[in-house]
Amino acid sequence: MIAMAAYILIVILIGVYFAKRSQASSGDYFLGGRSLGPWVTAMSAEASDMSGWLLMGLPGVAYWCGLADAAWSTPAASAR
């Protein structure tokens with residue numbers, strides 16, 4: 001519990017630090033000043049895709065096909 005609380009605190013502090021550093025506007029903060037390159041954008045899109053798969057898709061596979069198939073699906077989804 002202490003490790004989780006420390007992690008959440010660190011993430012919040014990082015967000016506050018960069019929010020104060022970006023004084024222009026909240027839109028500038030959330031969009032990174034539109035200075036992020038295509039690699040960062042692509043990695044963000046893929047992270048969102050994998051997050052959705054692990055949250056909704058993988059439990060569905062485990063329910064429908066069993067835990068063994070879900071165990072094989074996880075490395076395969078990460079490799080794509």
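How many aromatic pairs does the count come to by the ring-centre rule?

**View 1. Tyr17 and Phe18 form an aromatic pair.** The count comes to 1 aromatic pair (ring centres of Phe, Tyr or Trp, the latter by its six-membered ring, within 6.5 Å). In that pair, Tyr17 and Phe18 meet edge-to-face, with 4.9 Å centre to centre and 80° between the planes (under 30 degrees is stacked, over 60 edge-to-face, the rest tilted). Phe18 is partly exposed, its relative accessible area being 39% (buried is under 20%, exposed over 50%, partly exposed in between, with a 1.4 Å probe and protein chains only). This is a predicted model, where local features need pLDDT of at least 70 and side-chain atom pairs pLDDT 80 or more, while totals for chains, interfaces and linings use all residues. Residues are numbered from 1 along each chain as its sequence is written, and side-chain values use heavy atoms, without hydrogens or water.

**View 2. The whole chain comes as helices, with 4 of them and 0 strands.** Reading from the N terminus, the order of elements is α-α-α-α (DSSP runs numbered from that end: H or I of at least four residues for helices, E of at least two for strands). The chain has 80 residues, and 9% of them count as buried. Met4 is a handy place to start looking, as it sits in helix α1, which covers residues 2-21.

**View 3. Helix α3, residues 38-65, bends at Leu54.** The bend there is about 40° (the angle between axes fitted to the seven residues ending at a residue and the seven starting there). Now look for the residues of α3 that are tucked away: Met50, Leu58 and Val61 are its buried ones. Just past the helix, Gly66 follows α3 with a positive phi, near 105°.

**View 4. Pro59 lies in helix α3 and touches Trp53 and Leu54.** Those two contacts (heavy atoms within 4.5 Å) leave aside residues up to four places away in sequence. Leu54 is worth a second glance here, being also the residue at which α3 bends by about 40°. Is Pro59 buried or partly exposed? Pro59 counts as partly exposed, at 42% relative accessibility. Looking further along the chain, you can find Ala70, 11 residues from Pro59 in sequence. The C-alpha atoms of Pro59 and Ala70 are separated by 7.7 Å.
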